[in-house]
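Me: I am new to this structure and would like a close look at a single part of it. Please set that part in its surroundings and go through it step by step.

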Amino acid sequence: MANRTIPRLLQTPAVILLLFWMLIPLGMTLFFSFIRYVLNNLRNPHWTTPSIENWRGFGNYQFVWGQDSFWLAMKNSLVIVTSILFLTVILGVVIAVLINRSFPGRGIVRVLLISPFFVMPAVNAVLWINMILDPVLGLQGLAVSGINDLSAGLKDAPLIGWFFSLWPELEPISFRATQTSSIAVIMMVVWQWTPFAILIFMTSLQSEDQQQKEAAVLDGASTWSQFRFLTLPHLGRPIAIVVMIQAIFHLSLYAEIEIVSRGNGNKNLPYYIGELVNNNIGAASAAGIFAVILANIVAIFLLRMVGKTLME
Amino acid sequence: MGRIQLKGVQKKFGDVEVIPPLDLTIEDGEFAVFVGPSGCGKSTLLRLIAGLEETTSGTVEINGEDVTMASPSSRGLAMVFQSYALYPHMTVRKNIAFPLRMEKMDPAEIEKRVAVAAKSLNLTDYLDRKPGQLSGGQRQRVAIGRAIVREPSAFLFDEPLSNLDAALRVGMRLEISELHKRLQNTMIYVTHDQVEAMTMADKIVVLQAGVIEQVGSPLELYNAPRNKFVGGFIGSPKMNQIEGEAATKRGCTTLGMRPEHINMSPDSGEFKGTIGVAEQLGSDTFFHVHIEGQEETVTVRQEGQVNYKYGDTIYLTPVEDRVHKFGPDGLRIA
């Protein structure tokens with residue numbers, strides 16, 4: 001039909017631009033993942049230029065698949081993302097419900113609660129790892145040594161001394177170590193992103209129908225039942241939104257990992273790919289394709305799960 | 001059983017007294033209607049009975065038991081809200097079953113009761129739908145169903161029909177009256193529509209600014225309104241209230257004449273006036289007549305189709321034994 005041609009023609013430039021925007025990087029990544037392409041190789045200098053003649057088939061994929069560090073990064077990515085999602089959603093719902101009631105100073109409390117979201121991720125990581133979690137100079141170190149001093153001082157006190165002499169000397173935890181650095185990352189990102197969840201849940205709570213709650217009160221529903229059967233289903237959709245947006249963001253965490261431990265022990269997928277990019281572009285591209293597949297699986301899986309459990 | 005008694009019940013929001021202390025008794029099995037203009041405190045009064053608002057002073061008794069401090073759910077009342085307040089995420093079945101589920105009733109018994117309630121309200125085919133997929137009237141019935149299954153001692157209705165269109169409203173009005181006849185339960189019904197009050201009530205409670213103006217059966221209120229406000233509020237079209245010579249002649253300050261109790265004649269009568277707007281309903285005709293010396297028009301009801309035209313001169317005479325006389329304080333003179 002003639003009257004549809006013109007609008008479509010007018011839309012075409014934008015659509016084509018968007019297509020190229022998406023397709024060129026994806027196409028290049030796919031292409032690189034099937035060829036040998038490195039930045040520096042003295043024995044095979046022809047590998048340093050991308051060319052179809054260096055075709056490697058699924059070789060890059062096999063290489064990545066066979067690396068222990070790839071699986072470690074995969075596992076770490078999943079652990080970090082799911083822990084952050086779990087904690088931010090629970091904290092977000094609890095805090096949003098609490099501050100939805102009116103109390104003096106509510107406005108200030110709300111602003112304070114939202115403020116972590118405005119801190120830059122790198123600054124956030126530096127603050128946490130150096131000033132809060134540092135085992136010597138951070139709040140953690142100060143608190144631990146303070147408690148140790150206190151119990152040591154009270155050991156010889158009469159009457160209560162025996163109680164304090166039972167206390168072991170506490171050891172501060174180093175959050176830059178292999179075993180703990182992903183915990184540090186989870187903590188700082190949860191601190192930063194809980195406000196986002198609160199913000200979304202709070203707006204949603206304000207649109208909750210009060211008459212429904214009154215009806216539930218008359219129907220004999222306890223506060224918990226009201227929360228479980230009315231508020232939580234009402235929050236189903238915002239929770240799905242928070243989970244989806246955060247999953248997208250946190251699968252690509254980088255700054256926090258870099259600052260906390262330079263990838264020591266808690267490499268996630270982006271960090272692993274970043275290390276490969278230093279030389280082996282082909283393998284990095286293959287890992288990138290794996291990351292795309294993972295992101296899609298995670299997104300579909302999470303949405304299904306959230307949708308089913310909350311909509312009753 | 002559901003005898004509800006309010007003793008000196010008062011409600012203040014901050015310094016504003018919404019309901020000055022009032023006493024009221026609603027007998028077991030009675031259909032009581034609270035009626036009044038918007039903001040008169042009728043909904044607040046209902047919410048006080050339901051326990052959704054706390055009384056500032058006074059006591060609420062149900063079946064002789066003081067429930068002033070009791071929780072809403074323990075009062076054994078069921079309420080139907082203006083917005084229906086259905087739970088949007090649950091099916092009709094789960095909505096109706098919700099209060100029973102909260103009582104931790106046996107699932108088989110719940111199933112049975114829901115089925116009975118759904119059948120009596122013609123909802124059986126809709127049990128697995130969600131409220132969003134139902135029409136206004138069906139939602140209303142689900143809300144009533146949710147109230148019925150609890151077998152409460154009294155039902156409270158808070159303007160339940162005001163979200164429905166006119167035709168549905170008449171139908172639901174009949175269904176609720178029918179329900180009352182069948183269940184023989186105490187019902188309290190809040191509305192601003194005097195037609196609903198007149199057609200459904202055993203007892204009407206007319207409220208204005210939190211004060212009970214009059215309590216009585218619909219016809220008592222129609223035949224002997226206690227004051228000017230009740231006279232003007234009950235009956236449709238509104239009672240004509242005129243002051244001046246015609247009133248003083250009969251020994252009162254305000255003379256109340258219902259539109260249906262005025263005779264109209266083309267050549268002689270007490271008041272001379274000109275016809276303004278005529279509303280032809282087919283069965284009746286309402287004339288708005290301008291009378292000399294009166295600011296407001298006088299409404300006259302004539303049976304059948306009467307043909308007077310705009311601007312015609314007309315004479316009006318009230319039916320003498322149906323006029324209402326009000327003194328200077330607005331109260332009825334016997």
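Reply: In chain B, the C-alpha centres of domain 1 and domain 2 lie 38 Å apart. This is a predicted model, and every value below was computed from it. The part chosen for the close look is helix α2 of chain B, residues 92-102. A few words on the chain come before the helix itself.

Domain 1 of chain B runs over residues 4-232, and domain 2 over residues 237-326. Contact between the two involves five residues of domain 1 of chain B and seven residues of domain 2 of chain B. On the domain 1 side of that contact there are one nonpolar, three polar and one charged residues. Chain B as a whole has nine helices and 18 strands. Its C-alpha atoms fill a box of roughly 75 × 45 × 35 Å along the principal axes. Of the 334 residues in chain B, 38% are buried. If contacts in chain B are taken between residues at least 6 apart in sequence, 64% of them join residues at least 24 apart.

Now to the helix. Is α2(B) largely enclosed or largely open? Eight of its eleven residues are buried, so α2(B) is largely enclosed by the rest of the structure. A residue counts as buried here if 20 or more other C-beta atoms lie within 10 Å of its own. In α2(B) the buried residues are Val92(B), Arg93(B), Asn95(B), Ile96(B), Ala97(B), Phe98(B), Pro99(B) and Leu100(B). These buried residues pack against two other helices of chain B, α3 (107-120) and α4. Just after α2(B), Lys104(B) has a positive phi of about 60°.

The packing against α4(B), residues 136-148, can be described in detail. The axes of α2(B) and α4(B) come within 7 Å of each other and cross at roughly 30°. Angles under 35 degrees count as roughly parallel, and α2(B) and α4(B) are therefore roughly parallel to each other. Their crossing is right-handed. From α2(B), the contact takes in Val92(B), Asn95(B), Ile96(B), Phe98(B) and Pro99(B), and from α4(B) it takes in Val142(B), Gly145(B) and Arg146(B). By class, this contact has five nonpolar, two polar and one charged residues.

The helix also has a part in the contact between the chains. There, 17 residues of chain B are in contact with 16 residues of chain A. On the chain B side, α2 and strand β6 (77-80) each supply at least two residues. The residues on that side divide into 13 nonpolar, three polar and one charged.

For comparison, here is a helix pair in chain A. Helix α3 (residues 68-100) and helix α8 (residues 181-206) of chain A have axes 6 Å apart and pack at an angle of about 40°. That angle falls outside the range for roughly parallel, which stops under 35 degrees; α3(A) and α8(A) are therefore oblique to each other. The crossing of α3(A) and α8(A) is right-handed. Their contact comprises 21 nonpolar, seven polar and no charged residues. As for the domains of chain A, domain 1 is made of two stretches, 31-128 and 178-310, and domain 2 covers 134-174. The C-alpha centres of these two domains of chain A lie 36 Å apart.

Two places elsewhere in chain B show contacts across long stretches of sequence. Pro20(B) sits in strand β2, residues 16-26. With 15 other C-beta atoms within 10 Å, Pro20(B) is partly exposed. Its C-alpha atom is separated by 6.6 Å from that of Val211(B), 191 residues away along the chain. Beyond its neighbours within four places in sequence, Pro20(B) touches Gln10(B), Gly210(B) and Val211(B).

The other place is Gly330(B), in the segment after strand β18 (324-326) of chain B. Gly330(B) counts as partly exposed, with 15 C-beta neighbours inside 10 Å. Between the C-alpha atoms of Gly330(B) and Arg226(B), 104 residues apart along the chain, the separation is 8.8 Å. Leaving aside neighbours within four places in sequence, Gly330(B) is in contact with Asn227(B) and Lys228(B).

To return to the part chosen: α2(B) has eight buried residues out of eleven, its buried residues pack against α3 and α4 of chain B, and α2 supplies at least two residues to the side of chain B that touches chain A.

How values were computed
Residues numbered from 1 in each chain as written. Chains lettered and ligands numbered in written order. Predicted model: local features only at pLDDT ≥ 70, side-chain atom pairs only at ≥ 80, totals over all residues. Helix = DSSP H or I, 4+ residues; strand = E, 2+ residues; numbered from the N terminus. Buried ≥ 20, exposed ≤ 12 C-beta atoms within 10 Å, placed from the backbone. Domains from an automatic or database assignment. Nonpolar A, V, L, I, M, F, W, Y, C, P; charged D, E, K, R; others polar. Axes fitted to C-alpha atoms, helices over the stretch in contact; angles between N-to-C directions. Parallel < 35°, antiparallel > 145°, perpendicular 65-115°, else oblique. Left-handed = near helix turned anticlockwise from the far one by under 90°.
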